[in-house]
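Colleague: Before I rely on the labels attached to this model, I would like to go through how some of them were reached.

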Amino acid sequence: MDASQAAAPAPGGLVSAGAGARFRQAAEYIAIPLFALAVSAVLFSLFLLALGHSPDEFFSLLWRGGFGTAFSWRNTLQRAAPLVLTALAVAIPARIGLTIIGGEGAVVLGGLAAAAIAIPLAGTVPTLVLLGCMAILAASVGAGWIGLAGYLRHARNVNETISSLLLAYIAIAILNFTVEGPLRDPGSLNKPSTPPIGRENMLAPVPGLEVPWALVAGIAIAIGLHLLMSRTIFGFAARVTGGNPRAARAQGLPVGRLIVLCTAIAGACAGLAGFFEVAAIHGNANAALAAGYGYTGILVAFLARHNPIAVVPVAILFGGIAAAGGLIQRRMGLPDATVLLLQATVFVVLLASETLYGRLRIFKARTPA
Amino acid sequence: MSDIATLATVLFAMIGGAIRVSTPFLFVSLGECVTEKAGRINLGLEGTLVLGAMAAYMVAYETGDPWLGVLAAGCAGLILGVMHATLCSLPRVNDVAIGIALMSFGTGLAFFFGKPYIQPQAPRLPSVELGGWIGNAQLAEALTINPLFFIGVALAFFLRWAFDNTRYGLLLRMAGDSVAASRAMGVSVDGVRLAATAAGGFLSGIGGAFLSLYYPGSWNEALSSGQGLMAVALVIFARWDPQRCFYAAMLFGAAGALGPALQSVGIVKGYYFFNAAPYILTLLIMIGAGRDGKAARAMPSELGVQR
């Protein structure tokens, strides 16, 4: 495998090129993913036509359900918020050459930890203190969980892609065990959950804007991580390691520490996503925490080419697709896996489009004659 | 019930369970082993397993013949394998990432077309009763074995022999160990890898058919939870040796059978943890094998699973 090949920083990312070449490169990074999206839409339309459904109706419902009304926008942003965080959990390790696909585990355990700490604290401390404790604990647990995959990669050469996904399955088992066993609220009959954190303690959307706090936090973290990866020595060292671990080691860079830190940052992001799910959506921890945000985040990160800033619009796009799922299901009688299949089609086409980089005439610098 | 009788019950349930649970592991790991021997890693076999399970169930239900279902599962896997190989042969396309994408593609396709088949009951695969003469009902139950298990075991030993002793085995290993050598011999590396990935997909699809047509023996969206992925880890543990894949699959099967076996004697506490046993076992094995020189030497050189 060459995880670094897929995840490596853009060629020329370390060395600054001329303005013209840079512009052409930037154009390439926008044009090729857009082209891949268009190709996926065409392929999916053919698929729908073959099954006797109207692609026209499908995509107009997709638009209406995701972005057409104020209500659908609220729904979209609510789903986009955890996607920003889980995509960052893929994008940051990708910069150091690791392919982490188990963000779901950190989401689940982060949410569980947040709900667990709220049990003794709720009602005894002010809401802000409670939410602060929940967020810090969720981020720490997530950081430890994905950081473990990074540590095992460094210390024991364990493939991080497989180990992170195994850890996700284990995390879901821990969640199910805990909410049905030791932390079960006796009042939750048909849907085992932890005791509620209390309606008065739950996070409302940002007043006036109706934007979830989780999205605001996600955007702030994305900007922060972008600066960290592009403007600091830490980020530079991480990118060097991602490009060529052997060279980084020869240069005396603390490769192990960089790997563990990058994976811990990733886990903290995903853990926070779990915190927001508990604090703003569910009000407790239950099996619904494993809603697949961790997995969709993988796709978002790849489509954003592991750029923390680009993660935000892509997450909103996929939040919209997810939000429209219910409408499409009801109006067209398609199964709920339709959205999953559309996402997977985008994913496959997108990865195949990697082959186009550097091969299209229009994006090539003209060599002076 | 006395302690010894309880222990015997658990033990017999585990033997039977290990044979049942190991079969999908065996098929997927053999498929992955063939693919990786040719120098490519296919992480998408989890998706292949799920799609195979759905295809098998659908065809078995529609035609009434479970063996046609097995064939359909193999073909579905074959198609995904061909997709993987074709996409990976494009320059700059990463096989691990394509595997992750095909994992969700296979699962998505299976859930999309499998929705109407969650309720109806398809005919199950027949089984062979080996323990009828013993006179112990529990042991007889444990020795009621599906023919696919025997096919898988035979295949493991055959593949081991074929890798070492046939022309095709040599071509496969050469594609996995040295692209340069293959090219020098005038062999198309992409062609060999296409065949290997397609064959790997076929075998994984059959593993899926076992899940939906024999044990657990129904189709639902929670049918496979990581077996396909664990099988990939299992190949590393088995050091790319099909015969060891068989032993490793039995071990994983026993771990997977632990939860249900304990449940059968009424131990339900920590049910989720016993069900998580295979994941924990896989992780521990990977940690143990991590710095193992033997595993590193056995790895096909063109493969970078463990850089």
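Colleague: Which residues is A:Thr178 in contact with, leaving aside its neighbours within four places in sequence?

Modeller: In this predicted model, A:Thr178 is in contact with A:Leu112, A:Leu183 and A:Arg184 once those neighbours are left aside, contact being counted for heavy atoms within 4.5 Å. A:Thr178 itself belongs to helix H7 of chain A, which covers residues 160-180.

Colleague: Why is A:Thr178 called buried?

Modeller: Buried requires a relative accessible area under 20%, and A:Thr178 has a relative accessibility of 11%, so the residue counts as buried.

Colleague: What makes the approach of the A:Thr178 side chain to the backbone oxygen of A:Ile174 a polar contact?

Modeller: The side chain of A:Thr178 reaches that backbone oxygen of A:Ile174 at 2.5 Å, and the cut-off for a pair of N or O atoms is 3.5 Å, so the distance satisfies the rule.

Colleague: Turning to the interface of chain B and chain A, how do you know that A:Asp336 and B:Lys115 meet in a salt bridge?

Modeller: Their side chains are 3.3 Å apart, N to O, and the rule asks for a Lys or Arg side-chain nitrogen within 4 Å of a carboxyl oxygen of Asp or Glu, so the pair qualifies. Across this interface the rule finds 1 salt bridge, together with 5 residue pairs in polar contact.

Colleague: How many residues does the contact take from each chain, and how much area is buried?

Modeller: Chain B gives 50 residues and chain A gives 52, while the two chains bury about 4,600 Å² between them, 72% of it on carbon and sulfur atoms.

Terms used:
Residues are numbered from 1 along each chain as its sequence is written. Chains are lettered from A and ligands numbered from 1 in the order in which they are written. This is a predicted model: local features need pLDDT of at least 70, side-chain atom pairs count only at pLDDT 80 or more; totals for chains, interfaces and linings use all residues. Side-chain values use heavy atoms; hydrogens and water are left out. Helices (H or I, at least four residues) and strands (E, at least two) are DSSP runs, numbered from the N terminus. Buried means under 20% relative accessible area, exposed over 50%, partly exposed in between (1.4 Å probe, protein chains only). A polar contact is a pair of N or O atoms within 3.5 Å; within protein, one must be able to donate a hydrogen and the other to accept it, and residues adjacent in sequence count only if both atoms are side-chain atoms. Buried area is the accessible area (1.4 Å probe) that two parts lose on being put together, summed over both.
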